[in-house]
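Reader: I am new to this structure. Can you take me through some of the terms used for it?

Author: Gladly. Here it is.

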Amino acid sequence: MNAPADRKVVLVTRKTRLEELVAKYHTLQQARFYLEHLGADFTDYVQENMAYAQSLQRVSAVLRDWGRHQVLDRSLLPNFVFAPDDIVIALGQDGLVANTMKYLEGQPLIGVNPEPSRWDGVLLPFEPGHLDALLRDVARERRPTKTVTMAEARLSDGQTLRAVNDLFIGPRSHTSALYDIALGERQEQQSSSGVIVSTGLGSTAWLKSVMTGSLALASAAGAQGGGAYTPMSWDTDHLTFAVREPFPTQRTQATMVYGQVTAAAPLRLRSRMPEHGVIFSDGMEADFLRFTAGVEVTVCVARTRGQLVV
């Protein structure tokens, strides 16, 4: 292990909404025209951009004093190799923290909120002003970390994809997904709008939405005993899967629509879709695995756990 001051810090950043619009429309004036033409508040975009730039400037000043550091745009995460003793900082929203964590191998991850008045930041417990003293504590392993369970999808051809919140397995467009699904000794053919596999952290996000809607529909239809939905803890030792809008036919069933995925009982699916089948994680649709006819995926609890500095 290197001396604390010798440890490299990797700062992961993201483009603001305004920067993304300027990249798309080439100039600030064109971006402003586009927004105002739609009736949007251009000032809000500018203020967000300024706040992020100021936070980035403050964080960068701390890192220059620190020494070894590297700034990385989040678009480069899939191809970046982190060193085992790197300290990683994500400056952005909760989604950036989750997107960064799934590419780590247990390195400590610090979530920094660039604008606390705008972002609630469940995964962003720190502000730029905390970073100087915080880095020294993390480097000396004097700060606690919160363990985060991740999910992993492994294709039959060896490709893998991790998820901090959830995996989506299904159609890329608004069509039906066709697949075989198996958990333990149970298996069946299904047609649905896709399968969500959630971690404990993700159980407060997309899965919560799916379950809340399902329970409300069941209650409205007169079903009894549904109860309230309770999210899982972040470090839970299992995943939860839910099938969205299952549709039983003469050839497809809808009995395996919800359950737990454990190390001893992984979830397996084989695609029956000639095209448009995909697997993506944490809402990042651009970073996906193809899930077309014949491809099999095994979903399980990832061996690597995220370590979020608290």
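Author: Strands here are DSSP runs of at least two E residues, numbered from the N terminus. The model is a predicted one. Thr252 sits in the loop that links strand 12 (239-243) to strand 13 (258-261).

Reader: Why is Thr252 called buried?

Author: Buried means under 20% relative accessible area. Thr252 has 9% relative accessibility, so Thr252 counts as buried.

Reader: What makes the link between the side chains of Thr252 and Thr249 a polar contact?

Author: The cut-off for such a pair of N or O atoms is within 3.5 Å. The side chains of Thr252 and Thr249 make their polar contact at 2.8 Å. A polar atom of the Thr252 side chain also lies 3.0 Å from the backbone oxygen of Phe247.

Reader: Which residues does Thr252 touch, leaving aside neighbours within four places in sequence?

Author: Gln189, Gln190, Ser191 and Phe247.

Reader: Now the helices. Why is helix 3 called oblique to helix 5?

Author: Helix 3 (residues 42-66) and helix 5 (residues 131-139) pack at about 45 degrees, and their axes are 10 Å apart. That angle makes helix 3 oblique to helix 5. Roughly parallel would need an angle under 35 degrees, and roughly perpendicular 65 to 115. The crossing of helix 3 past helix 5 is right-handed.

Reader: Which residues meet there?

Author: Helix 3 brings Val59, Val62, Leu63 and Trp66. Helix 5 brings Leu131, Asp132, Leu135, Arg136 and Ala139. By class, this contact has seven nonpolar residues, two charged and no polar ones.

Definitions and conventions. Residues are numbered from 1 along each chain as its sequence is written. This is a predicted model: local features need pLDDT of at least 70, side-chain atom pairs count only at pLDDT 80 or more; totals for chains, interfaces and linings use all residues. Side-chain values use heavy atoms; hydrogens and water are left out. Axes are lines fitted to C-alpha atoms, for helices over the stretch in contact, and angles run from 0 to 180 degrees between N-to-C directions. Helices (H or I, at least four residues) and strands (E, at least two) are DSSP runs, numbered from the N terminus. Angles under 35 degrees count as roughly parallel, over 145 as roughly antiparallel, 65 to 115 as roughly perpendicular and the rest as oblique. A crossing is left-handed if the near helix is turned anticlockwise from the far one by less than a right angle, and right-handed if clockwise. Contact means heavy atoms within 4.5 Å. Ala, Val, Leu, Ile, Met, Phe, Trp, Tyr, Cys and Pro count as nonpolar, Asp, Glu, Lys and Arg as charged, and the others, Gly among them, as polar. Buried means under 20% relative accessible area, exposed over 50%, partly exposed in between (1.4 Å probe, protein chains only). A polar contact is a pair of N or O atoms within 3.5 Å; within protein, one must be able to donate a hydrogen and the other to accept it, and residues adjacent in sequence count only if both atoms are side-chain atoms.
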